[in-house]
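Colleague: I would love a close look at one part of this model, and I hope you have time for a full answer. Let me put it up so that we can both see it.

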Amino acid sequence: AVWSNSGGVTPELPRWKESVRDRYDPTEPVSKWHQQRTRKRLGYALAASTLVATVAGLSQLPVVLNLMAPSHTTVQTGIGEQQQLRLSDGSILTVGARSWVTVALTDQQRDITLQSGEAFFDVAKDAQRPFVVHAGGTEVTAVGTQFNVRRSSEQVVVSVSEGIVQVASEPGAGSNAESATAAPVQLTAGNRVNIESNGSAPAAETVDAASVGGWREGRLQYINEPLRTVLADVHRYTLRDIEIADADVGALRITGTVFSNDVDGWLRTLEMSFPVRVTIGPSGSFVLKSTQPAAPEPAAGAAVQPSRGP
């Protein structure tokens, strides 16, 4: 009734991170709860580091673990897990699910290697030490900015939410780079580039800067990507395997948002938008098959006649 009388104002719901941090017990006074929370904060952090692997295996909801990273470190996350690293230079790295990141900080340079998966970078300014992210033959350089890098076997996607970054091929990468860029590409806030493994020259695209890194709040966003690359990415958030039975299915293009806590539900709805049938295989995996009839092959020895116009 209050909502109706107020003219239907939409309330601002808490962000996902705020909901995760909210552990207030309404049966006790706020002052008492705050004191207990302060005393137990360290204990909770230690417990979280012990249980995070178990929780990540049992739940599809993201698990966030805050860590103070040493100058050289490696981080690997599990299904649906996130880890946030605070580097000694003040930069903050948020590592996505099923990702593998290595960090190497020296007096001359800050090197981050994204071996697989996804990471969001909030870079502290340091003009004397470039901040360089390496991802499959692609090199992303920044000084002080915020950007996101997603890497799969087929592509590297770089998106910028703040500042300027330069995307280029790593020296010596050659044609073996995962879509080596012909020339450096400069991206500003609201730009993204999709560097594909076929070596095609990338072109900057316009995106909503505020949506970059939305996966940190459970929103996986895709713009005109092949369904096979989208399925490979959402697989980082589900316990089930995903199989593509027909190449035509993997080639379908998709633009949209997938919620990381309901990947299985989204997979089941693909039949509503695409010529695809989704079933559960004997091993419990999702199997995607095309519902379009295959084109008949010409009989042996028969010549194929070109189609004629009206």
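To get our bearings, how many helices and strands are there in the protein chain? After that, please take me to the second largest pocket: what is its volume, and which residues that line it are the closest to its centre?

Modeller: Happy to! This is a predicted model, in which local features need pLDDT of at least 70 and side-chain atom pairs count only at pLDDT 80 or more, while totals for chains, interfaces and linings use all residues. Residues are numbered from 1 along each chain as its sequence is written, and side-chain values use heavy atoms, with hydrogens and water left out.

The protein chain has seven helices and 19 strands; these are DSSP runs numbered from the N terminus, with H or I over at least four residues for a helix and E over at least two for a strand. Of its 310 residues, 41% are buried, where buried means under 20% relative accessible area, exposed means over 50%, and partly exposed is in between (1.4 Å probe, protein chains only). Among the contacts with a separation of 6 or more, 47% are between residues 24 or more positions apart, a contact being heavy atoms within 4.5 Å.

Now to your pocket. The second largest pocket has a volume of about 310 Å³. A pocket here is found on a 1 Å grid over the protein atoms alone, as an open set of points with protein on both sides within 12 Å along at least five of seven lines, and a lining residue has an atom within 4 Å of a point; a set where a 1.4 Å probe fits but cannot get out would be called a cavity instead. Grid points are joined across faces, edges and corners, and the volume is the space filled by probe spheres set on the points.

The lining has 21 residues, and those closest to the pocket centre are S159, S211, V212, G213 and Q221. Four elements give two or more residues to this lining: β9 (146-151), β10 (155-162), β15 (219-226) and β17 (253-259). Strand β15 provides the largest share, five residues. By kind, the lining splits into seven nonpolar, eight polar and six charged residues; Ala, Val, Leu, Ile, Met, Phe, Trp, Tyr, Cys and Pro count as nonpolar, Asp, Glu, Lys and Arg as charged, and the others, Gly among them, as polar.

Stay with β15 for a moment, as N224 sits in that strand. N224 is not a glycine, yet has a positive phi of about 50 degrees. Most residues other than glycine have a negative phi. N224 counts as partly exposed because its relative accessibility is 43%. R98 also has a positive phi, of about 45 degrees, without being a glycine. R98 belongs to the loop between β4 (92-95) and β5 and, at 27% relative accessibility, is partly exposed.

Strand β9 takes us on to the packing. The largest nonpolar core has 29 residues, and F121, F147 and V149 have the most contacts inside it; such a core is a set of buried Ala, Val, Leu, Ile, Met, Phe, Trp, Tyr and Cys residues joined through side-chain atoms within 4.5 Å. Four residues of this core, the largest share, come from strand β6 (residues 110-122). F121 touches residues including I92, L93, F131, F147 and V149, leaving out those up to four places away in sequence. Apart from this core lies another, of 25 residues, among them L231, I242, V258 and W266. L231 is also one of the buried residues of α4, together with L227, T229, V230, D233 and V234. Helix α4 (residues 227-234) is thus mostly covered, with six of its eight residues buried.

To round off the tour, Q186 in strand β12 (residues 185-188) is exposed because its relative accessibility is 54%. Beyond its neighbours within four places in sequence, Q186 is in contact with I164 and V165. Q186 and Q166 are 20 residues apart in sequence, with 4.5 Å between their C-alpha atoms. By contrast, G281, in the loop between β18 (276-280) and β19 (286-290), is buried, with a relative accessible area of 14%.
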